Amino acid sequence: MTQLGNVTPLFQDLAKVEHEHNLACQECSLYRLCLPLGLHNNDLIQLDKIIKRSQSYSRGQPLFSTQTPFNSIYVVRSGSFKTTVSAVDGREQVTGFYFPGEFVGLDAIYEQAYRSNAKALESSSVCELPFDMLQELGTNMPQLQVQMMSRLSKELSGDKSLMFLLGKKTAEEKLATFLLSISRRFQDRGFSAREFQLSMSRGDIANHLGLAVETVSRLFSRFQDEGLIDIQNKSISLRDTEKLKTLCG
C-alpha cells in the first residue's frame, strides 16, 4: 500500500479538498464526524491527531485487498474507488463505487478483516482513520460512535438496495436507477446532479449491474438517441431526469 505521509490538520485538509475538488465541507462524511456532532475543542484536537493523509493513488492502484491486515477505514478525499470480490469460479464482482466524502472499508469492522479489494479508478487520495485509535476515541465520544453506526447502517441499506436492483429490475431499469443514484450522490456532495464524470468503465458498470457489456453500451446509445442523456467520453449529462425516473420502475 502507498506509504503514508504526515498527519494533516483536519480543517486545513478539508479546506484544501473543498478548494481543489469542489467538495462542500458540510457534505463531507469526515466533516460530519466532528463539528455537527457538537464535540468540544479538546475532542476535536484528539480526532485531528489520528487522521492521516496518504499520498495519491494512481489509476488501478490498490487501497487494500482481502489479504491486507485490517488496520484502518478510509474516507475518499478526491477521485474515486471501486470495490470487488472474487466469486467461487474466480470471476471478479464489482460491489461498489466510492466518491469524495464516502467511507471505504466499513464492512471490515465486524470481522476485523477487509471483505473486498479496493482500487483507485483514477488519480485519487484518501484520509486514513486507524480503527484502533478511532475505537479508543469512541469510548469517550458517544457522538462519534453514533455517527459510525449511522454510516454502517447506511452501507447495509445500500447493500440491500443493490440486491433488489440485481434481482428484480430489467436491464433498462437497472441502468436508469444506477445513473440517478450516482447523480444523487454527487449532488449530496456539492457537485452537479446533471453533469458529472463516470470514472468507471462500461465493463465495471455492466459487472456491477449484472449485465453484459454489450447490453450496457446499447442502452447508453439508446438513452442518448432518446434525449435522456448526452455522453462525451466519460462525461455524462442527464437531459431528462423525469423520464429516467419513470424508467426505474
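Two strands pair if DSSP finds at least two bridges between them. Keep that rule at hand for this tour of a predicted model.

**Stop 1: the open sheet**

Select β3, β8, β5 and β6. These four strands form an open sheet in the order β3-β8-β5-β6, and the pairing is antiparallel. Look at the edges: β3 (62-64) and β6 (92-98) stand there, each with a single partner strand, so one side of each has no neighbour in the sheet. From one strand to the next, the twist averages 30 degrees.

Now zoom in on β5, residues 81-86. Four bridges join β5 to β8, and the two run antiparallel. Pick Thr 84 to find one position in register: Asn 117 in β8 stands opposite Thr 84.

**Stop 2: the loop after β8**

Follow the chain out of β8 (117-120). Before β9 (125-130) comes a loop, and Ser 124 is found in this loop. Is Ser 124 buried or exposed? Its relative accessible area is 1%, under the 20% cut-off, so Ser 124 is buried.

Show the polar atoms around the Ser 124 side chain. The backbone nitrogen of Ser 80 lies 3.0 Å from one of its polar atoms. The backbone oxygen of Glu 122 lies 2.8 Å from a polar atom of that side chain. Then colour the contacts of Ser 124 beyond four places in sequence: Ser 56, Tyr 57, Ser 78, Gly 79, Ser 80 and Phe 81.

**Stop 3: strand β9**

Step on to β9. Six of its six residues are buried, so β9 is largely enclosed by the rest of the structure. In a regular strand, side chains alternate between the two faces of the sheet. Turn on side chains here: Ser 125, Cys 127 and Leu 129 point one way from β9, while Val 126, Glu 128 and Pro 130 point the other way.

Add β4, residues 72-78. Six bridges join β4 to β9, and these strands run antiparallel. For one pair, select Ser 78; its bridge partner in β9 is Ser 125.

**Stop 4: helices α7 and α8**

Select α7 next. The helix lies across β5 and β6, at about 105 degrees to β6. Then add α8. Helix α7 (residues 202-209) packs against α8 (residues 213-225) at an angle of about 110 degrees, with the axes 8 Å apart. The two helices are therefore roughly perpendicular to each other.

Which residues in α7 and α8 meet? From α7, show Arg 202, Gly 203, Ile 205 and Ala 206; from α8, show Val 213, Val 216 and Phe 220. By class, this contact has five nonpolar, one polar and one charged residues.

Key
Residues numbered from 1 in each chain as written. Predicted model: local features only at pLDDT ≥ 70, side-chain atom pairs only at ≥ 80, totals over all residues. Heavy atoms only, no water. Axes fitted to C-alpha atoms, helices over the stretch in contact; angles between N-to-C directions. Parallel < 35°, antiparallel > 145°, perpendicular 65-115°, else oblique. Contact = heavy atoms within 4.5 Å. Nonpolar A, V, L, I, M, F, W, Y, C, P; charged D, E, K, R; others polar. Buried < 20%, exposed > 50% of the residue type's maximum accessible area, 1.4 Å probe, protein only. Polar contact = N/O pair within 3.5 Å; in protein donor to acceptor, adjacent residues only side chain to side chain.
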